[in-house]
Amino acid sequence: MPRFRSILDTMPAYKPGKAVISPEGRSFKLSSNESPYEPLPSVVESITRAAVEINRYPDPGSVKLTGALAERYGVPYDHVALGAGSVAVAQQLLETVGEPGAEVLYAWRSFEAYPLLVSLAGAVAVEVPLRDETHDLDAMADAVTPETRLIFVCNPNNPTGTVNRTAELGRFLDRVPENVLVVLDEAYREYVRDEDVPDGLTFYRDRPNVAVLRTFSKAYGLAGLRVGYLIGHAPVAAAVRKTMMPFAVNHLAQVAAVASLQAEAELLERVETVVKERTRVREALLSQGWTVPPTEANFVWMRLGERTMEFAELCAGSGVAVRPFAGEGARVSIGDPESNDTFLAAAEAFKN
């Protein structure tokens, strides 16, 4: 029998959101925070044109996409690093700091890949409980030790959708030592409408130990192509590029991401539609008697405790897939109006 790392005996595998089908054949996938919309025609055209070139390796440096991102955000070219989705960039980050004894700090519950990636990197995970479904930044700052190498702050937080605002985040960053890297994971930044939730790039610009992590998977609707990126100061971005697998961002993904940036205004109109549906869904749940924290992401969070799996099963019976976390709650993505209406009917039936 081959011998594997002992950590594999204790760590669970990542469980992606799944699809379900009702007895009537209906299926509404609200379990993975995907965009409910197909790619824009201009993006599809770019992919189609590029498809005849896939006999060649992709540009290993993703030069066009890196340049487009640098121009879009007004940052130096060498401050941008890419990966196959933001989760891959997170793994690349952990490869830069992960070694025995190194600590990685994050809130819990937060993005479920964090503990898996930290364990695989050989680092020590330090989890700080949420307070009122939100990052407890004071407690996180208190948890920093001389062994802390990296801190993830997921803002908006996945799966609760809650946010930390400018003043409290600034106070937190002031308390973090300059040799500790703080990664602001902003996968859902495009859905934020609270003006007091900071754009992480405003902190990054004058703080060399702050980096921002974003993705094309959510608002830009490219989840199937896997493109994520980091913006950080040159030493941070350079380290992340060193740990990137060669050719990780494929040719079609690079082309589609550039085309999406060019069509950003049209894409953000779709985002606004999702935001309006988010408001409608949350208000409907509140009227049904549920407690749902304010959310700035493309999902809502329902803390259901021991009834979580029962709730997920009832939703599945209506063809609605939600993302349950056993014993805690369910995260429900915002889909198109029909999907949302079907979910709301299931939620009301469960409540009654």
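Reader: How many bridges join E11 to strand E12?

Author: In this predicted model, strand E12 covers residues 329–333, and E11 and E12 run antiparallel. One position in this pairing can be followed residue by residue, since Pro324 has Ala330 in E12 as its bridge partner. The number of bridges that join E11 to E12 is three.

Reader: Which strands stand at the edges of the open sheet that contains E12?

Author: The open sheet is formed by three strands in the order E9-E12-E11, with antiparallel pairing. Each of the edge strands has a single partner strand, so one side of each is left without a neighbour in the sheet. From one strand to the next, the twist averages 15°. The strands at the edges are E9 (299–303) and E11 (323–325).

Reader: Within what arc do the buried residues of helix H11 fall, seen down its axis?

Author: Helix H11 spans residues 308–317, and its buried residues are Thr308, Phe311, Ala312 and Cys315. An α-helix has 3.6 residues a turn, so residues three or four places apart point the same way. The buried residues of H11 line one face of the helix, because seen down the axis they fall within an arc of 100°.

Reader: Against which elements do the buried residues of H11 pack?

Author: Just after this helix, Gly319 takes a positive phi of about 85°. As for the packing itself, the partners of the buried residues of H11 include strands and a helix, namely E9, strand E10 (320–321), E11, E12 and helix H12 (337–351).

Reader: Which helix joins E3 and E4 in making a right-handed β-α-β unit?

Author: Strand E3 (residues 103–108) is mostly covered, with five of its six residues buried. Six bridges join E3 to strand E4 (residues 124–129), the two running parallel, and in this pairing Tyr106 stands opposite Glu127. The helix that completes the right-handed unit with E3 and E4 is H4 (residues 113–120).

Reader: What is the bridge partner of Leu105 in E5?

Author: Strand E5 covers residues 148–154 and runs parallel to E3, to which it is joined by four bridges. Within E5, the residue that serves as the bridge partner of Leu105 is Ile151.

Reader: Is His79 buried or exposed?

Author: His79 is found in the loop between helix H2 (63–73) and strand E2 (80–83). Leaving aside its neighbours within four places in sequence, His79 is in contact with several residues, among them Tyr204, Leu230, Ile231 and His233. A residue is called buried when its relative accessible area is under 20%. Because the relative accessibility of His79 is 11%, this residue counts as buried.

Reader: Which residues on the two sides of strand E8 are buried?

Author: Strand E8 (residues 228–231) runs antiparallel to E2, with four bridges between them, and Val80 has Ile231 as its bridge partner. Four bridges also join E8 to strand E7 (residues 210–215), again antiparallel, and there Leu213 is paired with Leu230. Both faces of E8 are covered, the buried residues being Gly228 and Leu230 on one side and Tyr229 and Ile231 on the other.

Reader: Which helix gives the most to the largest nonpolar core?

Author: In soluble globular proteins, nonpolar side chains tend to be buried together. The largest nonpolar core here has 51 residues, and those with the most contacts inside it include Leu65, Leu69 and Phe216. With seven residues, the helix that gives the most to this core is H9 (residues 251–262).

Technical notes
Residues numbered from 1 in each chain as written. Predicted model: local features only at pLDDT ≥ 70, side-chain atom pairs only at ≥ 80, totals over all residues. Heavy atoms only, no water. Buried < 20%, exposed > 50% of the residue type's maximum accessible area, 1.4 Å probe, protein only. Contact = heavy atoms within 4.5 Å. Core = buried A, V, L, I, M, F, W, Y, C linked by side-chain atoms within 4.5 Å. Pairing = 2+ DSSP bridges. Axes fitted to C-alpha atoms, helices over the stretch in contact; angles between N-to-C directions. Right-handed = clockwise from strand over helix to strand, strands pointing away. Arc of directions from axis to C-beta.
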